[in-house]
Structures are given as C-alpha cells and as structure tokens.
Amino acid sequence: MDGQGAGIAVNLTLETVIQHAHEKDVHTGEAEGTLYKKGDSTYLRYSEVIEGAGSVNNVIKLNHEGIVILRSGSVTMKQKFLIGQTTQGMYDTPYGQLWMETTTHQMNFRWNQQAKKGDLTLIYGLVLQGEDTGRYTIKIKFQEAEA
C-alpha cells in the first residue's frame, strides 16, 4: 500500500456479531477486495452478497477522524463512526428507507506493511427507526492476495 497507486488486492474474512438482549447472532463471510491509500485516508473496498437483498459494494474509509462505511447496490447506506459519539444516517433497503443512529464504542485499525496483513474491529450500538437493535461487533481481517 505504497503512495497513491491502485492499491493491493486483499482477501478478507468478515465476522459480524449482534448482541441484543440475551440473544447473539453471528454472521461470517469471505470476500476479495482492494486496500489503497488516498490523501490522509486508507480505503478498503469489497463486495458481498447479503441474504435476501443481493449484491452490495462496500467502501470503508479510515482516517484520524473516524471511519465511514459506504454501501451501494441492493442496499444504500452511509454510516459514520466517531469514537464515543452518536451519529445519524439513512439506510435504504429494497423495503424502504430506515433512519439510523450509531453510537461508536470502540474502533481499531491495524496494517502490518511487512506481513501485508491487517484487521479492523468496530463495536457500536445501532438504533433503527427509534428501536434499539443491539450491540454490533464487526471484525474484518485482510491479507494481501497471492499473485
């Protein structure tokens, strides 16, 4: 991930854990993507298929201010994460638009240039349409793809 180039191809392992009341839901997956740097920000771009919704393109923008996740495709969303703060946004689904509120508890991003691998952890609370949907933990591990 040197300079302003096209970035490097990475393989990703995705895990989302949703804790709500006494229930725990775990979703895992794998994807291929690109890690690149532009200005002061690092970007992680990948596509995934969401059950019942179809294909979604994801761009995660990371910098010293926080994290922004942009989704486009069968669902559209812009979600901003600022440590210790609550942010608002909209989540467009095939079934309509939902108002959301995100409270970020923890975020951590690491990239090991020598090993060509890294990870992102994001822990937040999510309220959709005024209803608490739980505490989310997203873990993304990524490693340079074999040429």
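# Strands and rings

Visitor: How many residues are there between β5 and β6 in their hairpin?
Guide: Two residues lie between those strands. Strands here are DSSP runs (E, at least two residues; helices are H or I, at least four), numbered from the N terminus. A heads-up: this is a predicted model, where local features need pLDDT of at least 70, side-chain atom pairs count only at pLDDT 80 or more, and totals for chains, interfaces and linings use all residues. Residues are numbered from 1 along each chain as its sequence is written, and side-chain values use heavy atoms, leaving out hydrogens and water.

Visitor: OK, in what sense do β5 and β6 pair?
Guide: Antiparallel, over five bridges; strands pair if DSSP finds at least two bridges between them. R71 stands opposite M77 in β6.

Visitor: And what does M77 face in β7?
Guide: Y91 stands opposite M77 there. β6 and β7 (residues 86-93) are antiparallel too, over two bridges.

Visitor: Which side chains of β6 are buried?
Guide: M77, Q79 and F81, pointing to one face; T76, K78 and K80 point to the other and aren't buried. Buried means under 20% relative accessible area, exposed over 50%, partly exposed in between (1.4 Å probe, protein chains only).

Visitor: New topic: how many aromatic pairs are there?
Guide: Five in the whole structure. Phe, Tyr and Trp (six-membered ring) pair if ring centres lie within 6.5 Å; planes under 30 degrees apart are stacked, over 60 edge-to-face, the rest tilted. Y36 and Y43 are stacked, at 5.1 Å centre to centre and 10° between planes.

Visitor: Are those two buried or exposed?
Guide: Both Y36 and Y43 are buried.

Visitor: Which rings form a cluster?
Guide: F81, Y124 and Y136, linked by ring pairs.
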